[in-house]
Amino acid sequence: MSTSALPPSRPHIRRAVITGSAGFIGSHLAQALLQDGTTVIGLDRRDAATDRSAAANLAPLIGQPGYVPVTADLLTCAVEPVLLDAEVVFHLAGVPGVRPSWGPRFSSYVQCNILATQRVMDAAARLGVPRVVVASSSSVYGPTDGRPSRETDHPHPASPYAVTKLAEEQLCLAHAARSDCRTSVVALRYFTVYGPRQRADMFTHRALLAAIAGTSLRIYGDGHQRRDFTYIDDTVTATLAAASAPEDTGVVNVGGGGSASLAEVMQLVEQLTGRQLAVEYLTSRSGDVPVTKADCSRARTHLGWEPTVDLAAGIRAQLRHLTDHAARQAA
Ligand code: NAD
Ligand code: UGA
């Protein structure tokens, strides 16, 4: 699987900015846009020379025609020159992760998810960038009764991270609602994204790595918590569709379509690797919700989007990427 399987019917984007382009989702989005012939201004505060994970994410982009890397921190850099002449800004930069957001690291969540977003939206609005697509999160819903979450549901963020993501999307929408603002905003609530180059702190990556390396996998809670796991290529397709969605689209769920428990994912990992996982059960973590599940009706009507990759195929692709990577490292 690769992002080359994208539907051909989207309007061409001449020039786009991606913030967070050295990250998991941002680097895949950049690849897809470059394939479409878009000039991509990729901004991130991490760069390949000093950060190994950024280097791995950026490897497919560096040197590609149309890719313009900008190493800068959104908290301090001049944002307007970066956004100049962009048709779309995909604002993905931020500090992710539910569990580490308690305690002293909260300030970095506030800075990068709220204050940096204010700087991006302020610049986009001043320049009249037609569209900002912002990465929000399923975590804004908080604990649910198990029914699929709809964008009209009242949000109950259960972690500091989720509070900052709700603030982030609402801040963008508040800018867009100003009578003097020509920028429209689509806020995508991504549900637990997985696939090649997934962040190393995330569950699917850790489960696959534990199976390959024969190390123990730590489970927070009993492993019965469920996530609406969303494959990276589907995430990218939804994000691209958001660039040309109607102006009044607002908030949209992006969920993979099948909610699975961690226990079910572990079973799949064992089947696919042929190895048994050594599992260590720890207490559940504050802010973790028992279930996430997306109602994706709005994504269907406003983005013309539906997920296409099921969990087994997605995890197989992530496993292949990890084993290929390990083989390249060993060579
Ligand atoms: P990631 O950490 O891999 O990528 C985020 C990138 O943003 C990093 O490369 C980081 O260096 C950059 N960044 C952070 N603060 C910055 C700043 N001040 N200036 C410049 N660059 C900065 O994370 P990801 O998993 O690719 O997530 C991307 C976005 O999607 C985040 O906003 C995250 O909250 C959101 N999201 C992710 C998921 C998921 O499952 N991965 C789910 C819901 C929402
Ligand atoms: C993920 C992303 O990390 C967030 O940035 C994002 O905002 C969120 O999805 C979202 O959907 O909005 P999360 O669902 O916690 O957050 O995804 P994982 O980090 O993959 O964790 C999934 C589950 O596995 C959680 O219950 C977590 O406690 C558990 N887990 C994770 C473990 O039991 N062990 C681990 O080593 C890692």
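**Two ligands and the residues around them**

An oxygen atom of ligand 1 is found 2.7 Å from a polar backbone atom of V193, and the protein covers 95% of the 820 Å² of accessible area that ligand 1 has on its own. This structure is a predicted model, and a second molecule, ligand 2, is surrounded by 23 residues. The points below take each ligand in turn, then the helices that pack against one another, and then two residues in loops.

**Around ligand 1**

- Ligand 1 is surrounded by 27 residues, of which F24, D44, Y161, K165 and V193 are the closest.
- Besides the contact with the backbone of V193, ligand 1 has an oxygen atom 2.8 Å from an N or O atom in the side chain of K165, and an oxygen atom of ligand 1 also lies 3.0 Å from an N or O atom in the side chain of R46.
- Four elements give two or more residues to the shell around ligand 1, namely α1 (24-35), β2 (39-44), β5 (131-137) and α5 (160-177).
- The largest share of this shell comes from β5, which supplies three residues.
- Sorted by class, the shell around ligand 1 holds 15 nonpolar residues, together with six polar and six charged ones.

**Around ligand 2**

- The residues that come nearest to ligand 2 are R99, S137, S138, Y161 and D288, out of the 23 residues around this ligand.
- The side chain of S137 has an N or O atom that is 2.5 Å from an oxygen atom of ligand 2.
- The backbone also takes part in the surroundings of ligand 2, since a polar backbone atom of F203 is 2.9 Å from an oxygen atom of this ligand, and a backbone N or O atom of Y190 lies 3.3 Å from an oxygen atom of ligand 2.
- Taken on its own, ligand 2 has 690 Å² of accessible area, and the protein covers 96% of that area.
- The elements α6 (203-213) and β8 (216-220) each give two or more residues to the shell around ligand 2, and β8 gives the most, with three residues.
- The shell around ligand 2 is made up of 10 nonpolar, six polar and seven charged residues.

**How the helices pack**

- Helix α1, which contributes to the shell around ligand 1, packs with helix α7 (residues 232-243) at an angle of about 65 degrees, and the axes of these two helices are 10 Å apart.
- Angles of 65 to 115 degrees count as roughly perpendicular, and α1 and α7 are therefore roughly perpendicular to each other.
- The crossing in which α1 passes α7 is right-handed.
- Helix α6, which contributes to the shell around ligand 2, packs with helix α10 (residues 311-330) at an angle of about 55 degrees, with the axes of the pair 10 Å apart.
- The helices α6 and α10 are therefore described as oblique to each other, and their crossing is right-handed.

**Two loop residues with positive phi**

- D85 is a residue other than glycine with a positive phi, near 70 degrees, and D85 lies in the loop between α3 (80-83) and β4 (88-91).
- R197, likewise a residue other than glycine, has a positive phi near 70 degrees, and R197 is found in the loop that runs between β7 (193-194) and α6.

Methods: Residues are numbered from 1 along each chain as its sequence is written. Chains are lettered from A and ligands numbered from 1 in the order in which they are written. This is a predicted model: local features need pLDDT of at least 70, side-chain atom pairs count only at pLDDT 80 or more; totals for chains, interfaces and linings use all residues. Side-chain values use heavy atoms; hydrogens and water are left out. A residue is near a molecule or strand if one of its heavy atoms lies within 4 Å of it. A polar contact is a pair of N or O atoms within 3.5 Å; within protein, one must be able to donate a hydrogen and the other to accept it, and residues adjacent in sequence count only if both atoms are side-chain atoms. Accessible areas come from the Shrake-Rupley method with a 1.4 Å probe; for residues, only the protein chains shown count as cover. Ala, Val, Leu, Ile, Met, Phe, Trp, Tyr, Cys and Pro count as nonpolar, Asp, Glu, Lys and Arg as charged, and the others, Gly among them, as polar. Axes are lines fitted to C-alpha atoms, for helices over the stretch in contact, and angles run from 0 to 180 degrees between N-to-C directions. Angles under 35 degrees count as roughly parallel, over 145 as roughly antiparallel, 65 to 115 as roughly perpendicular and the rest as oblique. A crossing is left-handed if the near helix is turned anticlockwise from the far one by less than a right angle, and right-handed if clockwise.
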